[in-house]
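Work through the exercises below with the sequence and the predicted model at hand. Each task is followed by a solution in steps.

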Amino acid sequence: MRMSAYFLPTLKENPAEAQVVSHRLMLRAGMLRQSSAGIYSWLPLGLRVLRRIENIVRQEQNAIGCQEVLMPTIQPADLWRESDRYDDYGPEMLRIRDRHDRDMLYGPTNEEQITDIFRGDVRSYKDLPKLLYHIQWKFRDEIRPRFGVMRGREFLMKDAYSFDLDGDSARRSYNKMFVSYLRTYARLGLQAIPMRADTGPIGGDMSHEFIILADTGESEVACHKALIEVDWANREIDFEGDLQPIIDEFTSKYAATDEERDPAAEAALGDDLLVARGIEVGHIFYFGTKYSKPMGAVVTGPDGEEITVEMGSYGIGVSRLVAAIIEASHDDAGIVWPESVAPFKVGLINLKTDDGACAAACDDLYGKLTGAGVEVLYDDRDLRAGGKFADMDLIGLPWQVIVGPRGLKEGRVELKNRRTGDRQEVALDEVFGRLTA
């Protein structure tokens with residue numbers, strides 16, 4: 001993509017309304033613009049990152065046999081009355097009435113909707129277990145939306161739901177999701193720590209939040225220091241095997257959100273205790289028959305008797321992850337994207353667009369890289385070098401190739417690693433190989 005044609009409205013100054021780093025940088029980098037309080041339009045650069053995160057989440061859900069569906073944003077209130085949550089949920093739920101005077105709502109979550117789908121078509125224990133998920137926009141009318149997409153009113157979420165015959169099989173589904181989440185965050189370039197958590201309005205008797213550590217985190221969390229040293233990036237997992245040892249590897253070590261902290265346990269850890277700020281990026285729940293019982297989600301068991309299915313739900317805040325990654329990965333110059341979610345892999349900077357040799361070299365390299373499947377943002381604007389460098393650092397692409405007339409006379413260009421800041425003079429004919437290896 002050529003920047004001269006790309007819609008990328010960057011800002012030089014920090015917007016006054018932005019209180020946290022991610023909100024400031026997302027606005028300055030031209031990733032989004034506010035539509036109304038807590039509701040945002042995603043611009044091309046931001047949408048590319050959002051889709052990359054969404055695709056990684058989708059791939060990891062598919063890898064454990066979770067099947068994708070797509071449920072509506074607008075749900076009938078009668079489903080929520082069946083579960084007794086319609087009146088209990090609170091003012092965060094946006095309640096509406098259609099032209100036929102029927103009570104409807106903009107879904108803040110989908111336990112009732114998915115249970116209705118399940119009960120309509122699954123009849124036998126032989127059809128279990130079932131894991132279903134979707135990636136859909138949600139709405140919760142936060143009383144004080146703030147921090148950009150970190151705590152907005154409209155947000156993109158992956159929510160999954162498990163249906164099992166009994167508690168033991170429900171635990172296996174829970175464990176699958178637990179481990180899948182660890183792999184997902186590792187692929188996103190994040191170190192996520194599972195922590196005991198309150199079940200909140202979802203309900204249930206077992207729950208974990210997945211927290212990443214960041215100085216600007218929403219709340220204080222505490223954990224054993226060993227939990228931040230586990231590397232999941234290249235770990236092989238047999239999802240059809242016994243995952244309990246992996247769960248025990250984490251849950252045997254102390255980790256708790258603010259509401260669940262244990263002063264005595266923390267005192268016993270001594271120097272092994274880590275207290276920090278954290279950002280929630282996922283939440284999983286096992287709630288048994290909380291929804292299936294009142295809504296009549298039953299299957300016929302081996303002996304012909306009806307069995308109420310056991311359920312769990314599993315959420316990942318996809319749009320929130322964009323902000324969370326920035327909070328965990330930035331510097332004074334701007335965003336530093338992990339390569340797996342970067343909107344483009346390479347920023348190609350032409351320092352002198354009216355120089356024929358520079359233009360020819362950039363055009364040739366741009367064509368070769370894009371032809372090889374490398375996504376390139378080519379800064380071909382007639383702009384001073386300082387402005388180009390500032391914009392490229394701000395948007396945080398993993399690699400920069402800087403082409404100027406002086407180096408080009410010697411057949412060389414500059415290759416910069418955005419994360420480390422390392423700069424190397426590289427032969428022009430070697431750059432392609434370096435960026436496609």
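**Exercise 1.** State which residue just after α10 takes a positive phi, then describe how the helix begins.

Solution.
- Just after α10, the residue with a positive phi is G373, at about 90°.
- At the start of the helix, the backbone nitrogen of A357 has a side-chain oxygen of D355 within 3.0 Å.

**Exercise 2.** Check the length of helix α10 against the span expected at 1.5 Å a residue, and work out how its buried residues are arranged around the axis.

Solution.
- Helix α10 covers residues 356-371, which makes 16 residues.
- The expected span takes 1.5 Å times one less than the number of residues, and for α10 this comes to 22 Å.
- The end C-alpha atoms are 22 Å apart, so the model agrees with the expectation.
- Next, list the residues under 20% relative accessible area: in α10 the buried ones are C358, A359, A361, C362, L365, Y366 and L369.
- Viewed down the axis, the buried residues fall within an arc of 165°, and therefore they line one face of the helix.
- On the other side of α10, G356 and G371 are exposed.
- The partners of the buried residues are the strands β19 (346-350), β20 (376-379) and β21 (399-403), together with the helices α12 (405-409) and α13 (428-436).

**Exercise 3.** Describe the largest nonpolar core and the surroundings of M31.

Solution.
- The largest nonpolar core has 85 residues.
- Those with the most contacts inside this core are M26, M31, I53, Y185, L188, V322 and W337.
- Helix α5 (residues 167-187) supplies the largest share of the core, 8 residues.
- For M31, set aside neighbours within four places in sequence; the contacts that remain include M26, W42, L43, L45, V49, V322, I326, I335 and W337.
- Another core, of 19 residues, lies apart from the largest one, and C362, Y366, Y378 and V426 are among its members.
- Two of these names, C362 and Y366, also appear among the buried residues of α10.

**Exercise 4.** Take the salt bridges E54 with R58, R119 with D116 and D393 with K416, and place each pair in the chain.

Solution.
- The count of salt bridges comes to 32.
- E54 and R58 have their closest N and O atoms 3.0 Å apart. They sit 4 residues apart in helix α2 (residues 44-63), which means that about one helical turn separates them. E54 is buried, at a relative accessible area of 10%.
- For R119 and D116 the closest N and O atoms are 2.9 Å apart. Both belong to helix α4 (residues 111-121), where a spacing of 3 residues again gives about one helical turn. D116 is partly exposed, at 27% relative accessibility.
- The side chains of D393 and K416 meet at 2.9 Å, N to O. This pair links distant parts of the chain, 23 residues apart: D393 is in helix α11 (residues 385-395) and K416 in strand β22 (residues 412-417). Both D393 and K416 are buried.
- One network, built from salt bridges that share partners, joins D78, R81, R97, D101 and D103.

**Exercise 5.** Locate the backbone exceptions at P129, D84 and D101.

Solution.
- Start from the general expectation: most residues other than glycine have a negative phi, and most peptide bonds are trans.
- The peptide bond joining L128 and P129 is cis, with omega about 0°. P129 is in the loop between α4 and β7 (130-139).
- D84 has a positive phi of about 65°. D84 lies in the loop between α3 (77-82) and β5 (94-97) and is exposed, at 57% relative accessibility.
- D101 also has a positive phi, near 65°. Its loop runs between β5 and β6 (103-106), and D101 is exposed with a relative accessible area of 53%.

**Exercise 6.** Is R153 buried or exposed, and which polar contacts does its side chain make?

Solution.
- R153 lies in the loop between β7 and β8 (154-164).
- Its relative accessible area is 17%, so R153 counts as buried.
- A polar atom of the R153 side chain lies 2.7 Å from the backbone oxygen of A37.
- The side chains of R153 and D141 are joined by a polar contact of 3.0 Å.
- Beyond four places in sequence, the contacts of R153 include S36, G38, I39, K138, F139, R140, E142 and P145.

Technical notes. Residues are numbered from 1 along each chain as its sequence is written. This is a predicted model: local features need pLDDT of at least 70, side-chain atom pairs count only at pLDDT 80 or more; totals for chains, interfaces and linings use all residues. Side-chain values use heavy atoms; hydrogens and water are left out. A nonpolar core is a set of buried Ala, Val, Leu, Ile, Met, Phe, Trp, Tyr and Cys residues joined through side-chain atoms within 4.5 Å. Buried means under 20% relative accessible area, exposed over 50%, partly exposed in between (1.4 Å probe, protein chains only). Helices (H or I, at least four residues) and strands (E, at least two) are DSSP runs, numbered from the N terminus. Contact means heavy atoms within 4.5 Å. The arc is that of the directions from the helix axis to the C-beta atoms. A polar contact is a pair of N or O atoms within 3.5 Å; within protein, one must be able to donate a hydrogen and the other to accept it, and residues adjacent in sequence count only if both atoms are side-chain atoms. A salt bridge is a side-chain nitrogen of Lys or Arg within 4 Å of a carboxyl oxygen of Asp or Glu.
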